[in-house]
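I opened this entry to go through the structure feature by feature. My notes follow in the order I looked things up.

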Amino acid sequence: MTRIAVLADPHLHNIDAGPTEGTPLVRSFADSMASTRAFNESRPAFRTALDAVAAEGITLCLIVGDLTDDGQPGSWKAVSELLDGYTRQHGIRFFATPGNHDQWSMTGKPLAKGFVGPDGKVEEVAGMSIPRRPGALPWRGMRMVSYDEAIVYAASLGYRPQPADLHWETPFGTSPDLGTREARITSARGDSAYVCDLSYLVEPVEGLWLLSIDANVYLPDGAGGYVDCSKEGWNATLQHKPYLQGWMRDVAARANARGKRLIAFSHYPVTDVFHGCTERLARLPSSRAGARQMPRSEVATAIAETGIGLHFSGHWHVSATAPAPVGQLVNISVPSTVAFPAGWKCLNLDAESARVSDRAVTRVPGYDAWFGRYAAEVARTGRDASAIGAADYPDFLSRHFRQIVLQRRLKEDWPARMHPIVREARLPEVIARLSPQARDLPDIAFAEVFVDWYRLREAGGGSASGIGSERRALYAELARACGDNDAAAGSEAGILAVFFETLGHLLTGADNTRAALDQPSAVPAPC
């Protein structure tokens with residue numbers, strides 16, 4: 001049996017890489033609480049996951065993008081050294097795919113970040129060619145690297161052939177030279193440029209093919225810069241990098257003919273792992289839920305028709321599984337190590353089957369190393385400090401997640417009429433507006449139900465959501481009672497009906513996962 005660990009989005013921030021030696025770069029608490037991921041906790045969380053991989057004796061590990069915080073040279077250096085250490089000590093080979101936070105096309109770009117000192121004061125560190133706030137510290141290291149800079153750190157992560165590899169290729173041939181791994185990308189207005197593509201196929205052990213697909217799209221803007229299409233995911237990839245579809249089809253056909261087990265991975269999901277919920281929300285008045293896109297049905301169908309079978313993705317920081325509308329394509333979305341619910345996946349391959357199991361990231365020594373600075377910052381700003389009181393790492397991420405949902409997701413995904421309901425109403429009051437006959441409901445804040453909607457989404461309806469059987473039964477009943485009415489779209493009742501309808505869909509996510517993975521041909525056995 002072959003065992004493969006699959007990790008996603010560790011977003012490693014190198015606290016030790018700063019403009020002043022001996023002065024740690026600790027990201028501000030405000031930035032952390034406004035982001036979908038934790039920053040300063042990234043290295044201990046990543047180490048915890050890698051230690052678990054090593055403890056299980058797994059020697060093949062996929063990392064499906066966003067290895068680094070934002071592609072800074074210091075973060076890349078730390079990632080490279082960290083993974084090299086696990087390779088030397090435990091014999092683990094790592095295979096990565098580019099994420100949207102790992103590089104910026106052919107040029108790189110400057111960044112600006114806020115960092116907190118021991119006294120709680122937040123100061124900005126900014127790249128050399130970026131407009132800076134008064135008092136900001138300029139630093140050449142505060143930038144996102146380009147493709148050719150990233151490969152210097154990441155060459156051993158599958159991007160270049162290694163002596164032990166039995167086969168290695170790219171969509172352009174067998175040369176690892178970056179000059180041969182470019183494609184012309186053209187924007188809708190006609191601007192075009194050659195952009196690197198780090199896709200590769202490797203056979204690290206007899207009979208196993210790993211297909212890493214660089215699904216990033218950088219459109220030239222006509223002024224020497226680029227526009228990132230990461231919010232469109234594979235919808236942009238198929239449109240602007242059509243050569244990948246033909247290569248994927250050819251690889252799948254050769255794998256089948258030669259009896260190879262083919263495992264594909266890219267940063268973005270190739271099927272809708274939210275099972276239509278995002279699209280449903282996007283149709284609500286003033287909702288911005290559709291700004292970040294899942295693959296359209298026709299895109300997922302086109303990818304399924306290549307024959308790749310099983311595909312792992314990251315980007316969304318969720319643990320979920322979904323089949324394509326047709327064929328045997330199954331996408332497994334891997335959670336991040338720095339966002340709720342933190343974890344990774346273990347793929348077990350034998351002669352006739354593929355089984356995927358979840359691993360949680362729980363005990364993380366040192367996750368609270370910078371809580372003292374957070375407390376000092378909060379003393380200055382007066383912002384919500386509940387996350388600092390966390391009992392452990394999962395609790396910290398859970399509290400962080402709750403703030404993200406109530407501060408960002410509510411505004412981004414739902415119409416303004418929903419906002420006061422979430423912030424002020426109790427559950428019995430809300431249900432009375434939709435189903436007056438409902439009785440004996442728990443007197444809980446509707447905000448708790450709202451946050452649980454997102455917990456279920458991020459956990460694919462599974463146990464990682466932390467929602468127990470009693471609460472699940474309540475939500476299933478509410479979905480049946482309130483999720484189907486003829487209220488006008490955009491009305492308060494219509495918005496709530498969409499909420500409870502989609503809540504019911506999210507509750508079935510675990511069933512969808514089992515059904516998808518039970519497909520016997522999702523990962524074909526060798527011929």
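**Tyrosine 200**

I began with tyrosine 200, which is buried at a relative accessible area of 0%. I am working with a predicted model. I placed tyrosine 200 in strand 12, residues 200–205. I then took its distance to valine 405: 37 Å in space, C-alpha to C-alpha. In sequence, tyrosine 200 and valine 405 are 205 residues apart.

**Aromatic pairs**

How many aromatic pairs does a search of the whole structure find? I got 23. I picked out tryptophan 414 and phenylalanine 450, which pair edge-to-face. Their centres are 5.9 Å apart, and their planes make an angle of 65 degrees. The cut-off for edge-to-face is over 60 degrees, so this pair qualifies.

Next I asked where the two partners sit. Tryptophan 414 is in the loop between helix 10 (393–413) and helix 11 (419–424). Phenylalanine 450 belongs to helix 13, residues 446–458. The pair therefore ties together parts that are 36 residues apart in sequence. Are tryptophan 414 and phenylalanine 450 buried or exposed? I noted both as buried.

I followed the rings outward from there. Trp414 and Phe450 belong to one aromatic cluster with Phe446, Trp453, Tyr454, Phe499 and Phe500.

**Charges over rings**

I looked for charged ends over aromatic rings. Lysine 109 has its charged end over the ring of tryptophan 104, 3.9 Å from the centre. Arginine 359 has its charged end over the ring of tryptophan 344, at 5.8 Å from the centre.

**Cysteines**

How many disulfides does the structure hold? I counted 0. I checked cysteine 61, which is in no disulfide. The nearest cysteine sulfur to that of cysteine 61 belongs to cysteine 346, 10 Å away. Cysteine 61 counts as buried because its relative accessibility is 0%.

Why is cysteine 229 without a bond to the closest cysteine sulfur? That sulfur is in cysteine 196, 16 Å away, which is too far for a bond. I logged cysteine 229 as buried, at 5% relative accessibility.

**Strands 20 and 21**

Cysteine 346 led me to this pair of strands: it stands opposite serine 357 in strand 21. Strand 20 pairs with strand 21 (residues 354–360) in the antiparallel sense, over 7 bridges. The two are joined by a hairpin through 4 residues.

I also read the stretch before strand 20. Proline 341 is in the loop between strand 19 (330–333) and strand 20. The peptide bond joining phenylalanine 340 and proline 341 is cis, with omega about -5 degrees. I kept in mind that most peptide bonds are trans.

**Helix 2**

I measured out helix 2 on the model: residues 42–55, 14 residues in total. From first C-alpha to last, helix 2 reaches 20 Å, close to the 20 Å expected at 1.5 Å a residue. Which residues of helix 2 are buried? I listed Ser42, Pro44, Ala45, Phe46, Thr48, Ala49, Leu50, Val53 and Ala54.

I then looked at what these buried residues pack against. The strands are strand 1 (2–7), strand 2 (60–63), strand 3 (93–96) and strand 20 (343–349). The helices are helix 3 (73–90) and helix 10. Glycine 57 follows helix 2, with a positive phi near 75 degrees.

**Helix 9**

Helix 9 spans residues 371–381. I found these residues buried in it: Phe371, Arg373, Tyr374, Ala376, Glu377 and Val378. Their cover includes helix 1 (29–34), strand 5 (112–116), strand 6 (122–126) and helix 10. Helix 9 is followed by glycine 382, whose phi is positive, near 75 degrees.

**Two histidines**

I went on to positive phi in residues other than glycine. Most residues of that kind have a negative phi. Histidine 275 has phi near 55 degrees. I found histidine 275 in the loop between strand 16 (261–266) and helix 7 (277–282). Its relative accessible area is 33%, so histidine 275 is partly exposed.

Histidine 317 has phi near 60 degrees, again positive. I placed histidine 317 in the loop between strand 17 (310–313) and strand 18 (320–323). Is histidine 317 buried or exposed? At a relative accessible area of 6%, histidine 317 is buried.

Note on methods
Residues numbered from 1 in each chain as written. Predicted model: local features only at pLDDT ≥ 70, side-chain atom pairs only at ≥ 80, totals over all residues. Heavy atoms only, no water. Phe/Tyr/Trp six-rings, centres within 6.5 Å; stacked < 30°, edge-to-face > 60°. Buried < 20%, exposed > 50% of the residue type's maximum accessible area, 1.4 Å probe, protein only. Lys NZ or Arg CZ within 6 Å of the ring centre and 35° of its normal. Disulfide = S-S within 2.5 Å. Expected span 1.5 Å × (residues − 1). Contact = heavy atoms within 4.5 Å. Pairing = 2+ DSSP bridges.
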